[in-house]
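Got the model open in your viewer? Let's walk through it stop by stop, with something to select at each one.

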Amino acid sequence: MITSKFSKLVGERRTSVSAVSQATGIGRKNLHAFYHDRQTRYDRGTLDKLCEYFGVSVGELLEYKEAR
């Protein structure tokens, strides 16, 4: 199972979903799905913009956990 660490990054950077949306051009609805870990598909362009914005790799934005 792939989980998002987006909410953790937002909290650590003391920013908001709205600020990330404005800086990256990614829609707030899409970012809220990342924030609440409800994303089922990951667009390559979105991942690229988020990694660039936070200065992280994909592995720092997403994490694989074995299903229980």
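Start by selecting Lys-8 and Glu-12: they sit 4 residues apart in helix α1, so about one helical turn separates them. Helices here are DSSP runs of H or I with at least four residues, strands are E runs of at least two, and both are numbered from the N terminus. Show the side chains and you'll see Lys-8 and Glu-12 meet in a salt bridge, 4.0 Å from N to O. (A salt bridge here is a side-chain nitrogen of Lys or Arg within 4 Å of a carboxyl oxygen of Asp or Glu.)

A word on what you're looking at: this is a predicted model, where local features need pLDDT of at least 70 and side-chain atom pairs count only at pLDDT 80 or more, while totals for chains, interfaces and linings use all residues. Residues are numbered from 1 along each chain as its sequence is written, and side-chain values use heavy atoms, leaving out hydrogens and water.

Now add Arg-13 to the selection. Arg-13 bridges to Glu-12 as well, with the closest N and O atoms 3.7 Å apart. Arg-13 is partly exposed, at 38% relative accessible area. (Buried means under 20% relative accessible area, exposed over 50%, and partly exposed in between, using a 1.4 Å probe and protein chains only.)

How many salt bridges does a search of the whole structure find? It finds 3. For another of them, jump to Glu-63 and Lys-65, whose closest N and O atoms are 4.0 Å apart. Glu-63 is partly exposed at 31% relative accessibility, and Lys-65 is partly exposed at 43%. Back at the other site, shared partners join Lys-8, Glu-12 and Arg-13 into one network.

Next, click on Arg-14, in the loop between α1 and α2. Phi is positive here, near 50 degrees, and the residue isn't a glycine. Arg-14 is exposed, with a relative accessible area of 78%.

Where else can you find a positive phi in a residue that is not a glycine? Go to Asp-37, where phi is about 55 degrees. Asp-37 follows α3 and lies in the loop between α3 and α4. At 34% relative accessibility, Asp-37 is partly exposed.

From Asp-37, hop over to Thr-3 in strand β1. Thr-3 is buried, with a relative accessible area of 10%. Leaving aside neighbours within four places in sequence, Thr-3 is in contact with Asp-37, Leu-61, Leu-62, Glu-63 and Lys-65, so two earlier stops, Asp-37 and Glu-63, turn up again in that list. (Contact means heavy atoms within 4.5 Å.)

Now select helix α3, residues 28-35, and colour Leu-31, Ala-33 and Phe-34, which are buried. Look down the axis of α3: the buried residues fall within an arc of 155 degrees, so they line one face of the helix. (That arc is taken over the directions from the helix axis to the C-beta atoms.) What do the buried residues of α3 pack against? Light up β1 (2-4), α1 (6-12), α2 (17-24), α4 (44-54) and β2 (62-64).

Keep α3 and α4 on screen. They pack at an angle of about 75 degrees, with axes 13 Å apart. (Axes are lines fitted to C-alpha atoms, for helices over the stretch in contact, and angles run from 0 to 180 degrees between N-to-C directions.) That makes α3 and α4 roughly perpendicular to each other. (Under 35 degrees counts as roughly parallel, over 145 as roughly antiparallel, 65 to 115 as roughly perpendicular and the rest as oblique.) At the contact, Asn-30, Leu-31 and Phe-34 in α3 meet Thr-46, Leu-47 and Leu-50 in α4. By class, that contact has 4 nonpolar, 2 polar and no charged residues. (Ala, Val, Leu, Ile, Met, Phe, Trp, Tyr, Cys and Pro count as nonpolar, Asp, Glu, Lys and Arg as charged, and the others, Gly among them, as polar.)

Swap α3 for α2. The packing angle of α2 and α4 is about 110 degrees, with their axes 10 Å apart, which makes α2 roughly perpendicular to α4. Select Ala-19, Val-20, Ala-23 and Thr-24 in α2, which meet Lys-49, Leu-50, Tyr-53 and Phe-54 in α4. These residues divide into 6 nonpolar, 1 polar and 1 charged.

Last stop: Cys-51 in helix α4, buried at 10% relative accessible area. Not counting residues up to four places away in sequence, Cys-51 touches Val-56, Ser-57, Val-58 and Leu-61. Draw a distance from Cys-51 to Leu-61: their C-alpha atoms are separated by 7.1 Å, 10 residues apart along the chain.

Definitions and conventions
Arc of directions from axis to C-beta.
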